Every structure is written in structure tokens, then in C-alpha cells.
Amino acid sequence: GAQLARIYDAFHGRQRCRVFVDDVLAGIWYTPWEDRDDRVQADYFGLPASLTAGKSSIRISLDPPAGSPLWSAAWYVLDALLPRLH
């Protein structure tokens, strides 16, 4: 599997976005809380191993639904989750 991370502006709560891996829906990234004082926040979304296993590359698409609160991101990072080697 893998994990997406983002740094974002938490001024608006209830941010949500559909996450696709190679055009397959991986899930809904939902951040329900807001923080208008400490606005810079980090958030994480786990990608299922079934969508990443055995692939040397993947394409990730993010699609905020129309009418939902503003989806914000300063940057994204993708971390691969690898098995521990003995």
C-alpha cells in the first residue's frame, strides 16, 4: 500500500475529495474539522494495497465533488509502505 499526505489550509471544514488510483476509486478523502486559528494542518489518506501491489508506477487523481467546501493543498507527498526485510 501507500499513504498520501497533504499540507492544507484548515480554514474551511468538511473538505472532501474522491481519490482514484489508475482510474479506480480508492475512496473519499474526508477532513471534517476546521481550525481558523491554526490553519496550516497535515492530513493523510491510506491507499489500499490492492491498488498498488506489484506496480512500478501509479497515477493518482483527486476530484473534489462539486458543491463541497473548498479542497486545499499546499503540497502532497506519497509514501510507499514496504514490508520489513529480515
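Biologist: Which residue of E5 stands opposite valine 19?

Modeller: In this predicted model, valine 19 has leucine 62 of E5 opposite it.

Biologist: What makes E2 and E5 paired strands, and in which sense do they run?

Modeller: Two strands count as paired when there are at least two bridges between them, and E2 and E5 are joined over four bridges in the antiparallel sense. Four bridges meet the requirement of at least two, so E2 and E5 are called a pair.

Biologist: How many bridges link E2 and E3, and which residue of E3 is the bridge partner of arginine 18?

Modeller: E2 and E3 pair over seven bridges, again in the antiparallel sense, and the bridge partner of arginine 18 in E3 is isoleucine 28. Seven bridges also satisfy the cut-off of at least two, and therefore E2 and E3 count as a pair.

Biologist: What is the order of the strands in the sheet that holds E2, and which strands stand at its edges?

Modeller: The order is E3-E2-E5, in an open sheet of three strands with antiparallel pairing. The edge strands are E3 and strand E5, residues 60-63, each of which pairs on one side only. From one strand to the next, the twist averages 25°.

Biologist: Why is one side of strand E4 and of E6 left without a neighbour?

Modeller: E4-E1-E6 is the order of another open sheet of three strands, with antiparallel pairing. Strand E4, residues 40-47, and E6 stand at the edges with a single partner strand each, which is why one side of each has no neighbour in the sheet. Neighbouring strands here are turned by 20° against each other on average, if direction is ignored.

Biologist: What makes E1 and E6 a pair, and which residue is the bridge partner of alanine 2?

Modeller: Strand E1, residues 2-9, is joined to E6 by six bridges, and the two run antiparallel. With at least two bridges required, six are enough, so E1 and E6 are a pair. The bridge partner of alanine 2 in E6 is alanine 80.

Biologist: Where does aspartate 23 lie, and why is aspartate 23 called exposed?

Modeller: Aspartate 23 is placed in the loop between E2 and E3. Its relative accessibility is 56%, and exposed means over 50%, so aspartate 23 counts as exposed.

Biologist: What is unusual in phi for a residue that is not a glycine?

Modeller: Most residues other than glycine have a negative phi. Aspartate 23, although not a glycine, has a positive phi of about 70°. Aspartate 22, in the hairpin of E2 and E3 with two residues between the strands, takes a positive phi near 50°. Arginine 14 has a positive phi as well, near 60°, and lies in the loop between E1 and E2.

Biologist: Why is phenylalanine 20 called partly exposed rather than buried?

Modeller: Buried means under 20% relative accessible area, and exposed means over 50%. Phenylalanine 20 comes to 21%, which lies between those cut-offs, and therefore counts as partly exposed. Phenylalanine 20 is found in strand E2, and its C-alpha atom is separated by 10.0 Å from that of isoleucine 58, 38 residues apart along the chain.

Biologist: Why is alanine 53 called exposed, and how far apart in space are alanine 53 and alanine 2?

Modeller: Alanine 53, in the loop between E4 and E5, has a relative accessibility of 56%, over the 50% cut-off, and so counts as exposed. From C-alpha to C-alpha, alanine 53 and alanine 2 are 9.4 Å apart, while 51 residues apart in sequence.

Biologist: Which residues belong to the largest nonpolar core, and which element gives the largest share?

Modeller: The core has 11 residues, among them Ala2, Val19, Trp29, Phe45 and Trp71. Two or more residues come from each of E1, strand E2, strand E3 and E4, and E2 gives the largest share, three residues. A residue must be under 20% relative accessible area to be part of such a core, so Val19 is a buried residue.

Biologist: Which residues lie nearest the centre of the largest pocket, and which strand gives the most to its lining?

Modeller: Gly1, Ala2, Thr52, Lys55 and Ala80 lie nearest the centre, in a lining of 13 residues. Strand E6, residues 75-80, gives the most to this lining, with three residues. The lining divides into seven nonpolar, four polar and two charged residues, and the pocket holds about 180 Å³ of space.

Technical notes:
Residues are numbered from 1 along each chain as its sequence is written. This is a predicted model: local features need pLDDT of at least 70, side-chain atom pairs count only at pLDDT 80 or more; totals for chains, interfaces and linings use all residues. Side-chain values use heavy atoms; hydrogens and water are left out. On a 1 Å grid over the protein atoms alone, a cavity is a set of points where a 1.4 Å probe fits but cannot get out, and a pocket is an open set with protein on both sides within 12 Å along at least five of seven lines; lining residues have an atom within 4 Å of a point. Grid points are joined across faces, edges and corners, and a volume is the space filled by probe spheres set on the points. Ala, Val, Leu, Ile, Met, Phe, Trp, Tyr, Cys and Pro count as nonpolar, Asp, Glu, Lys and Arg as charged, and the others, Gly among them, as polar. Axes are lines fitted to C-alpha atoms, for helices over the stretch in contact, and angles run from 0 to 180 degrees between N-to-C directions. A nonpolar core is a set of buried Ala, Val, Leu, Ile, Met, Phe, Trp, Tyr and Cys residues joined through side-chain atoms within 4.5 Å. Buried means under 20% relative accessible area, exposed over 50%, partly exposed in between (1.4 Å probe, protein chains only).
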